[in-house]
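Here are a few exercises to work through with the model open beside you. Try each task before you read its solution.

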Amino acid sequence: MISVTPLQPDDRATWEELFCGYNAFYERTWPAGNYEHAWREFQRGDRIHALGARLDGRLVGIAHFLVHPSTTSPDVCYLQDLFTAPDARGKGVARTLIQAVEGWARARSCARLYWHTQQHNHTARRLYDQIAEFRDFIVYATPL
Ligand SMILES: CC(C)(COP(=O)(O)OP(=O)(O)OC[C@H]1O[C@@H](n2cnc3c(N)ncnc32)[C@H](O)[C@@H]1OP(=O)(O)O)[C@@H](O)C(=O)NCCC(=O)NCCS
């Protein structure tokens with residue numbers, strides 16, 4: 001059974017393993033201090049937010065998200081990070097997490113939930129194509 005809740009203080013170590021896995025997926029290595037900074041922000045919960053998915057009680061998935069204003073609508077919710085432990089994939093964990101973020105955003109009167117993915121992330125896109133609309137944008141970025 002999958003349940004989704006905010007991350008609890010006891011989740012700290014497993015959350016970091018999962019977030020490390022996510023960063024490794026994107027070939028990023030992060031200093032330990034960045035994890036601590038993000039964790040504190042999640043615990044405060046006023047700027048960025050996190051939910052954790054448990055499969056039979058074990059934390060196996062994380063979603064990180066935030067709300068920002070929009071020029072053309074009420075606030076919108078951006079899902080920044082989504083990761084499921086490799087041995088728990090294909091069981092509906094990510095789908096359940098996205099639904100939970102959607103519920104969270106709806107309760108805060110957000111107009112939309114959206115996220116990015118890489119064009120070649122076929123595994124993720126198989127899920128996203130089932131639950132969301134592909135809007136055909138591409139992303140440019142400049143490091144500052
Ligand atoms: C993408 C990711 C989050 C999916 O997590 P998950 O918990 O396995 O996803 P779910 O079990 O909820 O997947 C549901 C659907 O996605 C598709 N899917 C997910 N994993 C699949 C796989 N390995 N093979 C085939 N289809 C898969 C299926 O269509 C599945 O629906 P179905 O079971 O009704 O057919 C996970 O693979 C992951 O963490 N990948 C590495 C990081 C990443 O890509 N994050 C997303 C970045 S935008």
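**Exercise 1. Find how far apart the end C-alpha atoms of residues 2-144 lie, and how much of the span is helix and how much is strand.**

Solution. Keep in mind that you're looking at a predicted model. Start with the record: an unreviewed UniProt entry lists residues 2-144 under "domain: N-acetyltransferase". Now take the two end C-alpha atoms of that span, which lie 39 Å apart. Helix makes up 36% of the span and strand 24%.

**Exercise 2. Work out the order of the strands in the open sheet, and say which ones stand at the edges.**

Solution. Go pair by pair.

- E1 and E2 run antiparallel and are joined by 5 bridges. One of the pairs is Val 4 with Ala 53 in E2.
- E2 and E3 also run antiparallel, with 8 bridges between them. Here Leu 51 has Ala 63 in E3 as its bridge partner. The hairpin of these strands has 2 residues between them, and Asp 56 takes a positive phi near 50° there.
- E4 and E5 run parallel, joined by 2 bridges. Tyr 78 stands opposite Tyr 114 in E5.

Put together, the 5 strands form an open sheet in the order E1-E2-E3-E4-E5, with mixed pairing. Strand E1 (2-6) and strand E5 (113-114) are the edge strands: each has a single partner, so one side of each is left without a neighbour in the sheet.

**Exercise 3. Track down the residues of the largest nonpolar core that touch the most other members, then find which element gives the largest share.**

Solution. The core has 26 residues, and those touching the most other members are Ile 62, Ala 63, Cys 77, Leu 79, Leu 97 and Val 101. Next, look at where the core comes from: H1, strand E2 (48-55), strand E3 (58-68), E4 and H3 each give two or more residues. H3 has the largest share, with 7 residues. To see the packing up close, pick Val 101: leaving out residues up to four places away in sequence, Val 101 touches Leu 51, Ala 63, Phe 65, Cys 77, Leu 79 and Leu 113.

**Exercise 4. Describe the shell around the ligand: which residues are closest, and which element gives the most?**

Solution. Count first: 19 residues surround the ligand, and the closest are Thr 84, Arg 89, Ala 94, Arg 95 and Leu 127. Then sort by element. Helix H1 (12-25), strand E4 (76-84), helix H3 (93-107) and helix H4 (122-131) each supply at least two residues. H4 gives the most, with 4. Finally, sort by chemistry, and you get 8 nonpolar, 7 polar and 4 charged residues.

**Exercise 5. Is Leu 144 buried or exposed? And what do you get for Tyr 22?**

Solution. Leu 144 sits in the segment after H4. Just 3 other C-beta atoms lie within 10 Å, and the cut-off for exposed is 12 or fewer, so Leu 144 is exposed. Its C-alpha is 37 Å from that of Gly 90, with the two positions 54 residues apart in sequence numbering.

Tyr 22 is in helix H1. With 16 C-beta neighbours inside 10 Å, Tyr 22 counts as partly exposed. Now check the surroundings: the C-alpha atoms of Tyr 22 and Leu 82 are separated by 7.5 Å, though these residues are 60 apart along the chain. Tyr 22 also touches Asp 81 and Phe 83, not counting residues up to four places away in sequence.

Methods: Residues numbered from 1 in each chain as written. Predicted model: local features only at pLDDT ≥ 70, side-chain atom pairs only at ≥ 80, totals over all residues. Near = placed C-beta within 6 Å. Nonpolar A, V, L, I, M, F, W, Y, C, P; charged D, E, K, R; others polar. UniProt positions renumbered as here; feature names shortened; annotations may be inferred. Core = buried A, V, L, I, M, F, W, Y, C linked by C-beta atoms within 7 Å. Buried ≥ 20, exposed ≤ 12 C-beta atoms within 10 Å, placed from the backbone. Contact = placed C-beta atoms within 7 Å. Pairing = 2+ DSSP bridges.
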